[in-house]
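Trainee: Please take a close look at one loop for me. Then place it in the wider fold.

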Amino acid sequence: MNNININRLSVYIICLLTIIAAKGMDSGLCLDCNADGRNNVGTESDANPIELPESIFSGYHGKHHVQGIVVDVDKECVYFSFTTKLVKTDLSGNLIGSVEGLTGHLGCLTLNPADGRIYGSIEYKNDEIGVGIVGERARNRRSAFYIAVFDGDKITRPNMTPSDNDVMSTVYLKDVVKDYYAQGTNNGKSVEHRYGCSGIDGVAFAPQPCASDSTPWVLYVAYGIYGDIGRSDNDYQVLLTYDTSDWEKYERVLNQDNPHKSGPAKPLGRYFVYTGNSEWGIQNLNYNPEINTLVAAVYKGKKKEYPNYSLFAIDLSASPNKERLKGHDKKEHGYTLPLKKMGLYDEFTGIYGWRFPYGSTGICYVGNSLYYISHNSSKPEQSSTLTLYRWTGNQDCPFEKINSDIIQTFGM
């Protein structure tokens, strides 16, 4: 047996032992994270459960770095967002296909368990991000924000365009555009972009806050937040929720030179999470059903009064609480969600979080406390190596890398 097969077998045994240790042999628990089949790694009826590799290399993909990932264990494939293109590989990193030619910023990705499609945030902006993608002509366009919906089954070859075989459709997000263009006052000064909204990035499917297990999942969309240290109304992460069950009536193939405005009139909900300001808001968002938590990875902020953590756990088991928002000139109120009381704790601000170095370019839960987390590189071109971790939630470091050291702790 070669080293690769030994490593894969070891990872599978670790998964099995983890479940046995947590639940006991008599519980009848199989290696199925959810009864409805979401996020399966394997079941008792599986003759050939999926063997997860310790790492998956994306290949080299030009000048724009990876923004988000999805690992579809059931279909044994991986999706990488490289800003202006979506790349699909198998679990060994072999290229299957790609959708290219995007002139907007494709960000975080998430798998919709209801329809099996890939959803991602995509921005068409007139700021420095837009200029970095298409040049100075970006300044002449009106910014627009969408959810891109990819039918992964139709991605069968490299260099597909968004309109090929209707592989990609889009839904317009009106509320995001309104907040992006809104003006107000903060600390007595005129400011642009309500809540510091720079657009959108993090996306994830998860239950609504304090929902029952049978409630259909909704799509969470996180605002990008400008890292302006001179204002105090940009210290919350902002999450919108959407019911996507009827989104087919809004979906349109996007003409990138003449963007449409087909989308829901408003979101289901709007929630605020007090983390202190971070550079560009939540970069990657991912749901962990074992602890009913959204794991949020950010570029750490620069305000000295905050601990500036890079990873947070948003508690979805708590009921949203309507309260006055901190740092706003007007007495503005909003529904807030708490952070899970896990990780490091800052007594001055009451904020929990971690200083974990990865996750902002991709994080994906795959079941049984396991995650793939992107380690990106820019040499010789942009690439990502997805590395297998186990969630621990420990105070100093919430993830433990699957490697020979961990295998030894299980007596192997």
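Mentor: Start at Pro380, which sits in the loop between strand S24 (370–377) and strand S25 (383–391). Strands here are DSSP E runs of at least two residues, helices are H or I runs of at least four, and both are numbered from the N terminus. The peptide bond from Lys379 into Pro380 is cis, and its omega is near -5 degrees.

A word on the ground rules. This is a predicted model, so local features need pLDDT of at least 70 and side-chain atom pairs need 80 or more, while totals for chains, interfaces and linings take in all residues. Residues are numbered from 1 along each chain as its sequence is written, and side-chain values rest on heavy atoms, without hydrogens or water.

Now step back. The protein has 4 helices and 26 strands. Of its 412 residues, 57% are buried, meaning under 20% relative accessible area with a 1.4 Å probe on protein chains only (exposed is over 50%, partly exposed lies in between). Contacts, i.e. heavy atoms within 4.5 Å, show long sequence reach. Among those between residues at least 6 apart in sequence, 60% join residues at least 24 apart.

Two other loops have unusual backbones to check. His193 lies between strand S11 (189–192) and S12. His193 is not a glycine, yet its phi is positive, about 70 degrees. His193 counts as buried because its relative accessible area is 14%. Asn308 belongs to the loop between S17 and strand S18 (311–315). Asn308 is no glycine either, and its phi is positive at about 55 degrees. With 14% relative accessibility, Asn308 is buried too.

Follow S17 next. This strand spans residues 293–299 and contains Thr293. Is Thr293 buried or exposed? Thr293 is buried, because its relative accessible area is 0%. Leaving out residues up to four places away in sequence, Thr293 touches Asn286, Tyr287, Asn288, Ala313, Ile314, Asp315 and Lys340.

Ile314 leads to the core. The largest nonpolar core holds 74 residues; such a core is a set of buried Ala, Val, Leu, Ile, Met, Phe, Trp, Tyr and Cys residues joined through side-chain atoms within 4.5 Å. Those with the most contacts inside it are Ile147, Tyr223, Leu239, Trp247, Leu285, Leu294 and Ile314. Nonpolar side chains tend to be buried together in soluble globular proteins.

Take Leu239 as the example. Beyond four places in sequence, Leu239 touches Leu285, Leu294 and Ile314, among others. The list also includes Tyr220, Val221, Ala222, Gly269, Arg270, Tyr271, Val273 and Ile282. A second core of 19 residues is separate, and Val66, Val78, Val87 and Leu386 are among its members.

Finish with helix H3, residues 174–181. Which of its residues are buried? They are Asp175, Val176, Val177, Asp179 and Tyr180. Residues three or four places apart on an α-helix point the same way, because there are 3.6 residues a turn. Several strands help cover the buried residues of H3. They include S8 (144–150), S9 (168–172) and S12 (197–206). S13 (218–225), S14 (236–242) and S15 (269–274) also take part in that cover.
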